[in-house]
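Dear colleague,

I am passing on a structure that you have not worked with before, and below it I have set out what was found. Please read the notes with the structure open beside you.

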Amino acid sequence: MATRKFQTKLLIDNQWVDAVSGKTFDTLNPATEEVIAKVAEADKADVDLAVAAARRAFYEGEWSKWTGYQRSNLLHRLADLIEKNRQELAELEVLDNGKSMFEAYNVDLPLVVQCYRYYAGWADKIVGETISPGGPLIPNSSSHFCYTRHEPVGVIGQIIPWNFPLLMQAWKLAPALAAGCAVVLKPAEQTPLTALRVGELLIEAGMPKGVVNILPGYGPTAGAALANHPHVDKVAFTGSTEVGHIVMEACAKTLKRITMELGGKSPLIIFDDCNLDKAVESAHLGLFLNQGQCCIASSRIYVQESIYDEFVKRSVEKAKQRKVGPGQNPDTRQGPQVDVDQFNKVMSYIKAGKDEGARCLTGGNRVGSKGYFIEPTVFVDVKDDMKIAKEEIFGPVMSIMKFKDMDDVVKRANNTAYGLGAAVFTKDVSKVHTLAGKLRAGTIYVNTYDVFDAALPFGGFKFSGIGRELGSYGLDNYIEVKTVIISLE
């Protein structure tokens, strides 16, 4: 990896090109704060070229003639190449993002491969249906023949975040390509390198010209140009709720279809009849996975009063044992935050927690003097109106709160603008089903946390987004339904 020449140019129409402006930006190693490479910086002129290439591919090029079977084979070949280059891709993700090699190799990459294979299986099974109309305007059952066609939406603008760069790219590309769409994808400026490497693998897999175009750049320039472009038919965005509002406003101007997976402040509710060992383990994973940089992080932990002290004791001890360091180290379980802005944001929330009266039982400090490392941090005596309990921190900061009974905790858990995930730990099946119905969130975990699978739809209520990714629901985002009505008389 140290001697490899990274791909740093834009991918437009299957060609690697410099930005029209000639501009570049630095991508940094968050563990060392050193520059990894200078990457071409796309802006509006590059978006125009990429969208034009995607439109040619969709309406005129080889891609427009491909069958679902051919698209399926392309996705399987891409999955094969990702598996073949698993070690390299994991190392590159660690270098650019900072996450641990343990997570990148054992979690992210297997899920990436599964996602491409899952939608490869769907690509030749996208079908409409025949309908026998019989309403007041239809004289008899044999007078008309009707059917529906499921057709690709068209040119898709995709904007992905920096927390799971390879996986979020797969969540976006796989269903869009299975459906037959063409794509212009903007990776996060913090983590462009694996997106570009996958672009190389797509070409190697036999992708036709213009089908996937990859444009590293900044949100206010490249991202805005993509969301505002009149020839982009749909935008799929994953990122913060704040930026989601901006993207939605831009898309409204041309009535683009839009799906968005945004922020969260997910409650994890632990009843006194639970398996406490499993609850502690799952809460730890749910909060500290990926340095806490996870949209569905279990960032509000509600524990029933009778087991609160014991849960706190075990959670603090487990946080103290978590190994922090460069992601390349095999025993590292928590790497640095992705960049200095995220580091400063998390540290400001830790300060706010202390200032508002929450008790920090462990962590709360920077680790070392180089790199964006933060100690695993646990707060207790947290109140619902505190900043750390209301706002998305996106960092390794656990907030633990007491509750009395089910009515109390349901009301508090739902008292948020977000609704991405929630979890319940109990052995009482009636509590499980009651809370599964009452909690306003897109995913409800029961006696577990952070279970992901390409077949399971993912998305949120309220400010956590619009639409669902993954599963058959994720494919629906990239399909238009056309009704054909034929008179037989």
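Lys 462 is found in the loop that runs between β18 and β19, and, in this predicted model, it has a positive phi of about 50° although it is not a glycine. Most residues other than glycine have a negative phi. With a relative accessible area of 39%, Lys 462 is partly exposed, since that class covers values between 20% and 50%.

The loop between β18 (443-446) and β19 (465-466) also holds Thr 448, which counts as partly exposed because its relative accessibility is 26%. Leaving aside residues up to four places away in sequence, Thr 448 touches Ser 282, Ala 423 and Phe 425. Thr 448 and Ile 485 are 37 residues apart in sequence, while from C-alpha to C-alpha they are 49 Å apart in space.

A positive phi also occurs at Asn 14, where the angle is near 65° in a residue other than glycine. Asn 14 belongs to the loop between β1 (10-12) and β2 (15-17), and its relative accessible area of 15% means that Asn 14 is buried, the cut-off being under 20%.

Turning to the pockets, the second largest one has a volume of about 350 Å³. Its lining is made up of 18 residues, and those that lie nearest the centre of this pocket are Trp 66, Arg 71, His 150, Pro 152 and Ala 179. At least two lining residues are supplied by each of α2 (68-84) and β6 (144-152), and it is β6 that gives the largest share, with four residues. By character, the lining of the second largest pocket divides into eight nonpolar, five polar and five charged residues.

As for the chain as a whole, it contains 15 helices and 20 strands. Its radius of gyration is 24 Å, close to the 23 Å that the globule rule gives for 489 residues, so the chain is as compact as a globular protein of that length. Measured out along its principal axes, the C-alpha trace spans about 75 × 65 × 40 Å. Of the 489 residues, 57% count as buried, and the accessible surface of the chain comes to about 19800 Å², with 53% of it belonging to carbon and sulfur atoms. Among contacts between residues at least 6 apart in sequence, 74% join residues at least 24 apart.

With best regards

Conventions:
Residues numbered from 1 in each chain as written. Predicted model: local features only at pLDDT ≥ 70, side-chain atom pairs only at ≥ 80, totals over all residues. Heavy atoms only, no water. 1 Å grid on protein atoms, 1.4 Å probe; cavity = no way out; pocket = protein on both sides within 12 Å on 5 of 7 lines; lining within 4 Å. Points joined across faces, edges and corners; volume = space filled by probe spheres on them. Nonpolar A, V, L, I, M, F, W, Y, C, P; charged D, E, K, R; others polar. Rg over C-alpha atoms; globule rule 2.2 N^0.38 Å. Buried < 20%, exposed > 50% of the residue type's maximum accessible area, 1.4 Å probe, protein only. Contact = heavy atoms within 4.5 Å. Areas by Shrake-Rupley, 256 points an atom, 1.4 Å probe, with all protein chains shown as cover.
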